[in-house]
Amino acid sequence: HINMAIGKNKRLTKGKKGGKKKAQDPFAKKEQYAIKAPSMFAVRNAGKTIVNRTAGTKIASEALKGRVFEMSLADLNGGDESQAFRKIKLVCEDVQGYDCVTHFGGMDMTRDKLCSLIRKWQTLIEAHVDVRTTDGYYLRIFAIAFTKKQSNQAVKSTCYAQAGQVRNIRKKMFEIMTEEASKCDLKELVQKLISTPDSIGLEIEKKCQSIFPLQSVF
């Protein structure tokens, strides 16, 4: 005969602990909010974003504040394809009804554009500078440039700049970026960046021509 240990098989009859949860559709409890771009952009309705509905202590508008949206400058400027490689960051600062009011949070370049610029046989020159606008905002501006062959250059396939030339070009970049950004307020600067985004690059190219000819300055 078999003696069973008493009190060991308590859970034989019971079902699985905490029965199986019913699969819920996560989108059932979400709401849509419209993203409103700042007034300096041609297109104000920049898209939609979703967020969980207000439940208990979790408030939807609080979850949206500080959210960063990244979108193409071409979309915000009314479909100008030549600006498609520029990305604009918009930061949600306030929620009014079902609208997210955003402000400018930065401008960047798509990775594929950056990779298409980088080639062999040329010098890459980068510079960044911290500038203060007239209304007290601190910005960090980055620039990138590449050397190009001189028009009278012979068979030589390379166009490398010497270290001293690179230093001089970088110094000029600092001067131009500081001058362009520190003489206007944030709104004017963003306006300049989105309406004529190449203006600073062309200025750098022109001023550095005497040191070494440059191309693809951004």
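# A tour of two sheets and two cores

**Stop 1: the three-stranded sheet.** Select β6, β7 and β8. They form an open sheet of three strands in the order β6-β7-β8, with antiparallel pairing. β6 and β8 stand at its edges, each with a single partner strand, so one side of each has no neighbour in the sheet. Keep in mind as you go that this is a predicted model.

If sheets are new to you, here is the basic idea. Strands of a sheet pair through backbone hydrogen bonds, either parallel or antiparallel.

**Stop 2: β6 beside β7.** How many bridges join β6 to β7? There are nine, and the two strands run antiparallel. Pick Val 131 and look across to β7: its bridge partner there is Leu 139. Now follow the chain round the hairpin of β6 and β7, which has five residues between the strands. Stop at Gly 136, which takes a positive phi near 90 degrees.

**Stop 3: β7 beside β8.** Two bridges link β7 and β8, again in the antiparallel sense. Select Thr 147 and find its bridge partner in β8, Leu 214. Then select Phe 146, which stands opposite Gln 215 in β8.

**Stop 4: the largest nonpolar core.** Show side chains here. This core has 22 residues. Those with the most contacts inside it are Ile 125, Ile 141, Ile 169, Met 173, Met 177, Ile 204 and Leu 214. Which elements give two or more residues to this core? They are β6 (124–132), β7 (138–147), α4 (163–182) and α6 (199–208). The most come from α4, which gives six residues.

Zoom in on Ile 125. Beyond its neighbours within four places in sequence, Ile 125 is in contact with nine listed residues you can light up together: Ala 143, Ile 144, Ala 145, Thr 147, Val 166, Ile 169, Arg 170, Met 173 and Leu 214.

Before leaving, colour a second, separate core of 21 residues. Tyr 33, Phe 41, Leu 64 and Met 71 are included in this second core.

**Stop 5: helix α6.** Select Ile 200, Gly 201, Ile 204 and Cys 208, which are buried in α6. Turn the view to look down the helix axis. The buried residues of α6 fall within an arc of 100 degrees, so they line one face of the helix. What do they pack against? Their partners are β7, α4, α5 (186–195) and β8 (214–215). Now swing round to the other side of α6, where Leu 202 and Lys 206 are exposed.

**Stop 6: the five-stranded sheet.** Move to the other sheet. Five strands form an open sheet in the order β2-β1-β5-β4-β3, and the pairing is mixed. At the edges stand β2 (45–52) and β3 (68–72), each with a single partner strand, so one side of each is left without a neighbour in the sheet. From one strand to the next, the twist averages 40 degrees.

Zoom in on β4 (residues 86–96) and β5 (residues 99–109). They run antiparallel and are joined by 10 bridges. Select Lys 87 to see one pairing: its bridge partner in β5 is Asp 108.

**Stop 7: the cysteines.** Select Cys 115 and Cys 184. Buried or exposed, where does Cys 184 fall? Cys 184 is buried, with a relative accessible area of 6%. Cys 115 is partly exposed, at 43%. A disulfide is a covalent bond between the sulfur atoms of two cysteines. A search of the whole structure finds zero disulfides.

Note on methods:
Residues numbered from 1 in each chain as written. Predicted model: local features only at pLDDT ≥ 70, side-chain atom pairs only at ≥ 80, totals over all residues. Heavy atoms only, no water. Pairing = 2+ DSSP bridges. Helix = DSSP H or I, 4+ residues; strand = E, 2+ residues; numbered from the N terminus. Axes fitted to C-alpha atoms, helices over the stretch in contact; angles between N-to-C directions. Disulfide = S-S within 2.5 Å. Buried < 20%, exposed > 50% of the residue type's maximum accessible area, 1.4 Å probe, protein only. Core = buried A, V, L, I, M, F, W, Y, C linked by side-chain atoms within 4.5 Å. Contact = heavy atoms within 4.5 Å. Arc of directions from axis to C-beta.
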